[in-house]
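Please walk through the model shown here, beginning with how its chains meet and ending with a few details of the backbone.

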There are 2 protein chains.
Amino acid sequence: MRVTAHDVALAAGVSRSAVSRAFSPEASIESRKRAHILAVAESLGYRPNLIARGLTGRGSGLIAVVVGNVSSPYEAWFLDVLAEAIRAEGLLPLLLPVSPGQELEPALDHALAYQVDGAVIAAGSVSRKLAERCSAMGAPVVVVGRVIEDGADSVCCDNRAGMALVVERLVAAGRRRVAWIGGYADTFSNIERLEGLTTGLSAAGLKLVDSRRGNYSVEGGLAQALTLLTGPEPVDAIVCGNDAMAIGALSAAQRLGRRVPGELSVTGFDDIPAASWEAYSLTTVRNPVETTVREALALLSARIAGEDGPPQVVRLAPELKLRRTL
Amino acid sequence: MRVTAHDVALAAGVSRSAVSRAFSPEASIESRKRAHILAVAESLGYRPNLIARGLTGRGSGLIAVVVGNVSSPYEAWFLDVLAEAIRAEGLLPLLLPVSPGQELEPALDHALAYQVDGAVIAAGSVSRKLAERCSAMGAPVVVVGRVIEDGADSVCCDNRAGMALVVERLVAAGRRRVAWIGGYADTFSNIERLEGLTTGLSAAGLKLVDSRRGNYSVEGGLAQALTLLTGPEPVDAIVCGNDAMAIGALSAAQRLGRRVPGELSVTGFDDIPAASWEAYSLTTVRNPVETTVREALALLSARIAGEDGPPQVVRLAPELKLRRTL
DNA sequence: ACAGTGATTGCACGCGTGTGCAATCCTTGG
DNA sequence: CCAAGGATTGCACACGCGTGCAATCACTGT
C-alpha cells in the first residue's frame, strides 16, 4: 500500500537507518550510498512520513492560523500574505476559521492536538490564560491585531497614531462635524481607533457629533451611514473603523446625492485593495500587513527556537493614504 | 512536559489501554470508569495526540486545500465557505497557496507527506497523472473549477451555460458590438467562458469585436478596457471573464465618461460580494460556490469512505444576476 | 605489518496511540 | 452453589520514523 522507509531499505539492500539518514542532510552517511538510496526512493515514490517524523519530538512543522471571516477583504489580504510567508519558512499553515462570536478555544484545541509548533491568532477573543495554556503545551502564540498585556507576544499597528493622522488632515480640511462608524464594540482595534479619534478631536477643540456601530461590514456601514445622513444632526465627515464600512458609507452618500469630498468626507482604515479602486479612491490609513506578518513570524520563530523572556509587543506605524474622499 | 495517555493512566490507576478506550466512543469500557478517566484527563489537561493517532492508520483528519491568490475576492470567498465546511466535518484544512505560475506539485507533495485524507484543488494546473499519483498515495482528489477528463472527480459550474445567459440578455438589450476581456489564456474556465460567449453570439448572427486578456485582476480589467474604449473599434458591451476585471472595466468607463448601461454594458462572472456593492451593481453570473463546496466535499467523503468507481463530474447550473450594468 | 583513528553502519529503543487476543471479572440462569 | 456466558481489562504488538550506542569498516602514519 503505502511505501515506507522499510520498503526502500529492502529494495536498496541497506538498513532502514540508512534510509532515514539519507534524508537527513547532516547525518553521517557515505555520499555514494545516499545517492543510491535517494534514487531507489525516488523510483518507488517514497517520501518520508512527516506525521511519523513529528512524533519523535522535533516539531510537527505545522502552524495554526486563526482568522475570522476569510471572505472579508482585510482578513483575506492578511491571510494571503501570512500563508505565503509560512510556506516560505518550510512550514504548513493549518487554517482555523473562527467567525466573530464563535468560540476560539475548541478550534485551538483541535490544532493543539496536532502538536502545532506555533499559532498565529488574528481573530477570536484570546485571554491571557488561553495564551499561557498554549505555551504550556509547547506551542508559542503570537497575537496579531491586538495586544494582550503581559500575556503573549503580539504585533499590531498603532491604531491611535493612525487615527491621529486622519484627524490632523480632517481638521486641516476644515471639517467640524465628525461622525464615527465603528466595528464590534468590545474589539481591541475598535476601541483604540475610536480613542485615537476622540483624543485627536478634543485636542482640536472638537467632539464627535455621532457614533455608531457597523460591524465592520459593507452592509453595516451602508445602513448606519444612511440613517446617520438622513438624521437630524448635520455631518461633514464620517470616519469609519475599517475600509469595508467606509465603502458602505460611500454608497450611502452616493445614494443620497452627497458630494464627496465636497460636502462630506469619508475615511477608512486598513487600505484593502478595494480602497484604491477608482469608484471609491478611499482616503484611508494603511495597515502595514506585510511588516506585521514578517514581525509576527520572526517572533514566533524565535520562540519556537526556544528563546525565553517576557512577552514582546511590536507596534507598527501606519501611514495615511490620501486619495479622493478627504 | 507534554502530558500523554501514560500519565493519565498512572494518575487514574488504570492501564493505558483503558485511557485510549475512554476516548473511543464505541470501545468497550465500563461507563463509570470512563467517566473517571475523562475527569482525570481533564484535570491534567490531556488531549489525545492526533498525530500519533494518525500513525495507526485511520487517517490523519487533514484535508489539503490548494488555492490561488487568497486575496483575490473570488478565491477568498470560496476558501471561506470551503474551510468552514471542512471544519464542520470535523476535519482540518491544510492551506496550500499556489500563485498562478507556481508549481502545484511541490506543494502537494508537502501535503501528501502529512498523510492528508484528501485534497481539494482549486488552483494550479493538475494533470491526470498528478491526480492519479495522489489517489495512489491514498489521498483522493477533487478538482474544483475545472474538469480533468476521466482523471479525477471534479465539480465546476457550467461556464458555457452561464455565458449563454449573458448573451441572451445582451442580444435582448440590442447590443451588437461586443468585446471580451478574459483571464489567463490557457485556463479551463477562461476557455469555456469565451467559448460560451462566441457560440452564443454566432447563434445570434454576431461575432466578437475585440478580445483581450486582463489576467483576472481589477488592474488588468481597467488597463484593457481603457485601451479598448479609446481604440478605433466602437464597442457597446464588454463581457468580462470574472467580476474583478468587470470592476476594472467599470472604472475605465467612468474615467472616460461612458454611461453604463446607457452607451456601454459591462458584465462579470462569479458574483463576488463586491459585485453587489452599490458603486458597481454589476450584472453578472452567479457562481454557485456554496453548492460547489457541498458537492466537492460529498465526493471527497465518499472516496475517503472507500467508494470506488470512475471519476465523477458534477456540473452546476449558474444563474444570471441582473443588476444595473446591463 | 600493525595499531590507532575517524567515518559508517546496524541494532534496538522510543515517540503516543489503537487494537487483537487471551485472561479475568461479574452476572445470570439453573 | 456452580457453571456458562458475556462484558472488561491488560498485555503486547504495530504504526513509520529518528537516533544513541557499540560494532565495524577503511584508512593513515610509523
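**Two copies and two DNA strands**

Every interface residue of chain B, 100% of them, is also an interface residue in chain A, so the copies meet through the same surface. The model is predicted. The contact between the chains involves 51 residues of chain B and 51 residues of chain A. Together chain B and chain A bury about 5,000 Å² between them, and 62% of that area is on carbon and sulfur atoms. On the side of chain B, the residues that lose the most area to chain A are B:Ile51, B:Tyr114 and B:Trp277. These three together make up 15% of what that side buries.

How are the two copies related in space? A turn of 180 degrees, with a shift of 0.0 Å along the axis, lays chain B on chain A with an RMSD of 0.1 Å. The copies are therefore related as by a two-fold rotation axis. In chain B, the C-alpha nearest that axis belongs to B:Leu94, at 2.4 Å from it.

Within one copy, the chain can be divided further. Chain A has domain 1 at 5–48, domain 2 at 62–157 + 289–318, and domain 3 at 159–286. Domain 2 is thus written as two segments of the chain, because its bounds are given as 62–157 + 289–318. Between the centres of domain 1 of chain A and domain 2 of chain A, taken over C-alpha atoms, there are 37 Å.

The DNA comes next, beginning with strand D. Which residues are closest to DNA strand D? Among the 24 residues that surround DNA strand D, the closest are A:Ala5, A:Arg16, A:Ser20, A:Tyr46 and A:Arg58. The surface near DNA strand D takes at least two residues from each of three helices: helix H2 (16–22) and helix H4 (50–55) of chain A, and helix H2 (16–22) of chain B. The largest share comes from H2(A), with four residues. By class, the residues of this surface are six nonpolar, nine polar and nine charged.

On the side of the strand, 59% of the atoms of DNA strand D within 4 Å of the protein belong to sugar or phosphate, and the rest belong to bases. Individual polar contacts involve both parts. The side chain of A:Arg16 has an N or O atom 2.8 Å from a base oxygen of DNA strand D. From the other chain, B:Ser17 places a polar side-chain atom 3.0 Å from a base nitrogen of DNA strand D. B:Ser15 has a polar side-chain atom 2.9 Å from a phosphate oxygen of DNA strand D.

Strand C can be read in a similar order. DNA strand C is surrounded by 24 residues, of which B:Ala5, B:Arg16, B:Ser20, B:Arg53 and B:Arg58 are the closest. Sugar and phosphate supply 59% of the atoms of DNA strand C that come within 4 Å of the protein. Which helix gives the most to the surface near DNA strand C? That helix is H2(B), with four residues. At least two residues of this surface come from each of H2 of chain A, H2 of chain B and helix H4 (50–55) of chain B. The surface near DNA strand C has six nonpolar, nine polar and nine charged residues.

Several side chains reach DNA strand C directly. A polar side-chain atom of A:Arg21 is 2.8 Å from a base oxygen of DNA strand C. Two contacts from chain B go to phosphate oxygens of that strand: B:Ser20 at 2.4 Å and B:Tyr46 at 2.8 Å, each through a polar side-chain atom.

Some backbone details remain. Where does chain A have a cis peptide bond? The bond from A:Val260 to A:Pro261 is cis, with omega near 5 degrees. A:Pro261 sits in the loop between helix H11 (243–256) and strand S9 (265–270) of chain A. In chain B, a cis peptide bond joins B:Val260 and B:Pro261, with omega about 5 degrees. B:Pro261 is in the loop between helix H11 (243–256) and strand S9 (265–267) of chain B. A:Tyr216 is not a glycine, yet it has a positive phi of about 65 degrees. The loop that holds A:Tyr216 runs between strand S7 (210–213) and helix H10 (218–229) of chain A.

Conventions
Residues numbered from 1 in each chain as written. Chains lettered and ligands numbered in written order. Predicted model: local features only at pLDDT ≥ 70, side-chain atom pairs only at ≥ 80, totals over all residues. Heavy atoms only, no water. Near = heavy atom within 4 Å. Polar contact = N/O pair within 3.5 Å; in protein donor to acceptor, adjacent residues only side chain to side chain. Nonpolar A, V, L, I, M, F, W, Y, C, P; charged D, E, K, R; others polar. Least-squares fit on C-alpha atoms with pLDDT ≥ 70 in both. Contact = heavy atoms within 4.5 Å. Buried area = accessible area lost by both parts, 1.4 Å probe.
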